[in-house]
Amino acid sequence: MATWADFEVQAPDLARRAQAVLERHKHHVLATLRADGSPRVSGTEAPIGGGQLWFGCMPNSMKGRDLLRDPRFALHGAPLDLELTEFGDARIAGRAIEVSDPDELAAFWRASGHADSSEGGSSMEALVFRCDIEDASLVTVEGDELVIDSWRAGHPPRQVRRK
């Protein structure tokens, strides 16, 4: 597992491009696991800041309960570029770790743009997670080829092209 900062060091081009996709708009699709093991998809924001990818959710939300019970997740940065030629389709998977440390919470609030105090905190109530990233991929189209750039924590990035 890796932080976003680790991802940036191990696969800088892929991390930069994936971040550009995630930052094009606020809302993404988060997949979690229900108590019975079946998948659940939810909308979420996923800010990047302080070397971390973050999730915040309302207390007692279903996705928050899912992540507390089983931290595995998959995040899909739903593309605005429907042809996948300009930015691509970003996907991140890993484990969400609940955050309670005041410094980490302040880093989340700064990254999310909701900080309302000099310490970077917020008066909003939320369940906050930082992400340990297991793998990431970016799918684009070049001419008649599907290009899949991928990275797994601790391994070099790779690219696969398919016609």
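Helices here are DSSP runs of H or I with at least four residues, numbered from the N terminus. Keep that in mind as we walk through this predicted model, starting at helix α4 and the residue that follows it.

Just after α4, G113 takes a positive phi of about 80 degrees. The helix itself covers residues 102-112, and its buried residues are A106, A107, F108, W109 and S112. An α-helix has 3.6 residues a turn, so residues three or four places apart point the same way. If you look at what lies over the buried residues of α4, you will find that the cover includes β4 and β7. At the N-terminal end of α4, D101 acts as the cap, with a side-chain oxygen 3.0 Å from the backbone nitrogen of D103.

Now let's turn to the interior. In soluble globular proteins, nonpolar side chains tend to be buried together. In this model, the largest nonpolar core has 29 residues, and W4, F7, F55, F73, L75, I92 and W151 are those with the most contacts inside it. Two helices, α1 (4-10) and α2 (12-24), each supply at least two residues of this core, as does each of the strands β4 (52-57), β5 (72-77), β6 (89-98) and β7 (127-142). The top contributor is β7, which gives 6 residues. Apart from this core lies another one, of 6 residues, with W54, V99, A107 and F108 among them. Two of these names should be familiar: A107 and F108 are also among the buried residues of α4.

A good place to zoom in is W4. Setting aside neighbours within four places in sequence, W4 is in contact with A15, A18, Q19, L22, I48, G51, Q52, L53, I92 and I133. One of these partners, Q19, deserves a visit of its own.

Q19 is found in helix α2. Is Q19 buried or exposed? Q19 counts as buried because its relative accessibility is 18%, and the cut-off for buried is under 20%. The side chain of Q19 makes a polar contact with the side chain of E23, at 2.8 Å. Not counting residues up to four places away in sequence, Q19 touches W4, E8 and I48.

Our last stop is a hairpin. Strands β8 (residues 145-152) and β9 (residues 158-162) run antiparallel and are joined by 5 bridges. To follow one of the pairings, start from L146, whose bridge partner in β9 is R162. There are 5 residues between the two strands of this hairpin, and G154 takes a positive phi near 85 degrees there.

Methods. Residues numbered from 1 in each chain as written. Predicted model: local features only at pLDDT ≥ 70, side-chain atom pairs only at ≥ 80, totals over all residues. Heavy atoms only, no water. Core = buried A, V, L, I, M, F, W, Y, C linked by side-chain atoms within 4.5 Å. Buried < 20%, exposed > 50% of the residue type's maximum accessible area, 1.4 Å probe, protein only. Contact = heavy atoms within 4.5 Å. Polar contact = N/O pair within 3.5 Å; in protein donor to acceptor, adjacent residues only side chain to side chain. Pairing = 2+ DSSP bridges.
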